[in-house]
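Q: Please take a close look at one part of this model for me. I would like to follow a single helix and the parts around it, step by step.

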Amino acid sequence: MQNRFSIGEMSRLMNVPVKTLRYYDEIGLFKPVEVNRDTGYRYYSTEQFEQLDIIKYLRLLGVPLAEIAAHFNQLRVESFLQLLQRQQRSIDEKICELEQTRRKFGSRIAELETALSGDGVGIPLIKPYPERRILQLQASIRRGPELEMQVRKLEKLIGGKHSPIFIGKVGFTVSVTNLLRENFQEYNSVFILVEDSLEESSLSVTLPAGDYACLLFRGNHNDSTEPYRQLLSFVDRQGLRLNGEAVERAIVDEFISCDSGRYLTEIQLPVCRRPNL
């Protein structure tokens, strides 16, 4: 049969699976030029090679089949240009999402590398921080089951679809009053540190920019009493005073490591210079 190629031949020539060619036929995207009425065999022609090349090209770019079919129904340069422009915008959005995900990996990897190396653990220091956006739920929280329940409540208020992106970004605050009373067992809020843009929320607040006295310690929330005392003593020796609520965040806990000796928690205390008397 002259200038006729069976579906198997078309598959080999164009490097497209037979199953895919059958599916394209079923949805009306790419139909054979001839179907044998007796055998049901499909046949294609050389005139269809370029059409299939265009389909392959657009699929490689991620263009949905429905949009490819719409183009072939119109066969207009303008519609083809708009199709490519839409796909370019979609790819730009995906690149942005991937860059955000990459940043999340980077910060989490750095924290875990610190946990493994032990660099800086147990050593208080002053670190400057820029303004940081958090989503915060104000509540008096005692340690234990209540702590985890408040985390779930906050995630529910934000929206369950976002919950997985907050792994490793949950923290708690301790009021200045409780810090001065050495009541480190009670938090006054739970928060989630936001690295990237989310919908605006009534829960949105910021941790102010400024200097923070920071301490990484081995242990979890239940082991924080002595680290808090150590950090407060350091603040006093440095001639500083508290300038806001403490920030406490678990970096490695029982859900990351079964070895409690690898647990890692960070305390941050906003500080400023004492006024000259």
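A: What follows is a walk along helix α3 and then out to the helices around it.

The model is predicted, so every value here is computed from predicted atoms.

Start with α3 itself. This helix runs over residues 49-60 and has 12 residues. From its first C-alpha to its last it reaches 16 Å. That is close to the 16 Å expected at 1.5 Å a residue.

Now look at its sides. Leu52, Ile55 and Leu58 are buried in α3. They cover an arc of only 125 degrees around the axis, which puts them on the same side of α3. Turn to the face pointing away from that buried side. There you find the exposed residues Glu50 and Leu60. A residue counts as buried under 20% relative accessible area and as exposed over 50%.

What do the buried residues of α3 pack against? Their partners are α1 (7-14), α2 (18-26), α4 (65-74) and α5 (77-117). We can take these partners in turn.

Begin with α4. The axes of α3 and α4 come within 10 Å and cross at roughly 145 degrees. The crossing is right-handed. On the α3 side, the contact is made by Gln51, Ile54, Ile55, Leu58 and Arg59. On the α4 side, Leu65, Ile68 and Phe72 take part. Two of the buried residues of α3, Ile55 and Leu58, appear in this contact.

Next comes α2. Its buried residues are Leu21, Tyr24 and Asp25. They cover an arc of only 100 degrees around the axis, which puts them on the same side of α2. The face of α2 turned away from there carries Lys19 and Glu26, both exposed. The cover over the buried residues of α2 includes α1, β3 (42-44), α3 and α4. After α2 comes glycine 28, with a positive phi near 80 degrees.

Now pair α2 with α1. Two packed helices are described by the angle between their axes and the distance between the axes. For α1 and α2, the axes come within 9 Å and cross at roughly 115 degrees. The two helices are therefore roughly perpendicular to each other. α1 passes α2 in a right-handed crossing. In α1, the residues that meet α2 are Ile7, Gly8, Met10 and Ser11. In α2, their partners are Val18, Leu21 and Arg22. Leu21 is also one of the buried residues of α2.

The loop between α1 and α2 holds asparagine 15. This residue has a positive phi of about 55 degrees although it is not a glycine. Asparagine 15 is exposed, with a relative accessible area of 66%.

A similar check can be made in the loop between α4 and α5, where leucine 75 is found. Leucine 75 has a positive phi of about 50 degrees, and it is not a glycine either. At 58% relative accessibility, leucine 75 counts as exposed.

That loop leads to α5. This helix has 41 residues and reaches 59 Å from its first C-alpha to its last. The expected value is 60 Å at 1.5 Å a residue, so the span is close to it. The buried residues of α5 are Ser79, Leu83, Gln87, Gln100, Arg108, Glu111 and Ala115. Their cover includes two helices, α3 and α4, and two strands, β11 (246-252) and β12 (264-273). Just after α5, glycine 118 takes a positive phi of about 80 degrees.

Pick one residue from that list. Glutamine 87 lies in α5. Glutamine 87 is buried, with a relative accessible area of 8%. Leave aside its neighbours within four places in sequence. Glutamine 87 is then in contact with Leu61, Gly62, Val63 and Pro64.

This brings us back to the end of α3. Glycine 62 comes just after α3 and takes a positive phi of about 85 degrees. Glutamine 87 and glycine 62 are 25 residues apart in sequence. In space they are 7.4 Å apart, C-alpha to C-alpha.

To recap, α3 has Leu52, Ile55 and Leu58 buried, and its buried residues pack against α1, α2, α4 and α5. The exposed residues Glu50 and Leu60 sit on the face turned away.

Technical notes. Residues are numbered from 1 along each chain as its sequence is written. This is a predicted model: local features need pLDDT of at least 70, side-chain atom pairs count only at pLDDT 80 or more; totals for chains, interfaces and linings use all residues. Side-chain values use heavy atoms; hydrogens and water are left out. Helices (H or I, at least four residues) and strands (E, at least two) are DSSP runs, numbered from the N terminus. Buried means under 20% relative accessible area, exposed over 50%, partly exposed in between (1.4 Å probe, protein chains only). The arc is that of the directions from the helix axis to the C-beta atoms. Contact means heavy atoms within 4.5 Å. Axes are lines fitted to C-alpha atoms, for helices over the stretch in contact, and angles run from 0 to 180 degrees between N-to-C directions. Angles under 35 degrees count as roughly parallel, over 145 as roughly antiparallel, 65 to 115 as roughly perpendicular and the rest as oblique. A crossing is left-handed if the near helix is turned anticlockwise from the far one by less than a right angle, and right-handed if clockwise.
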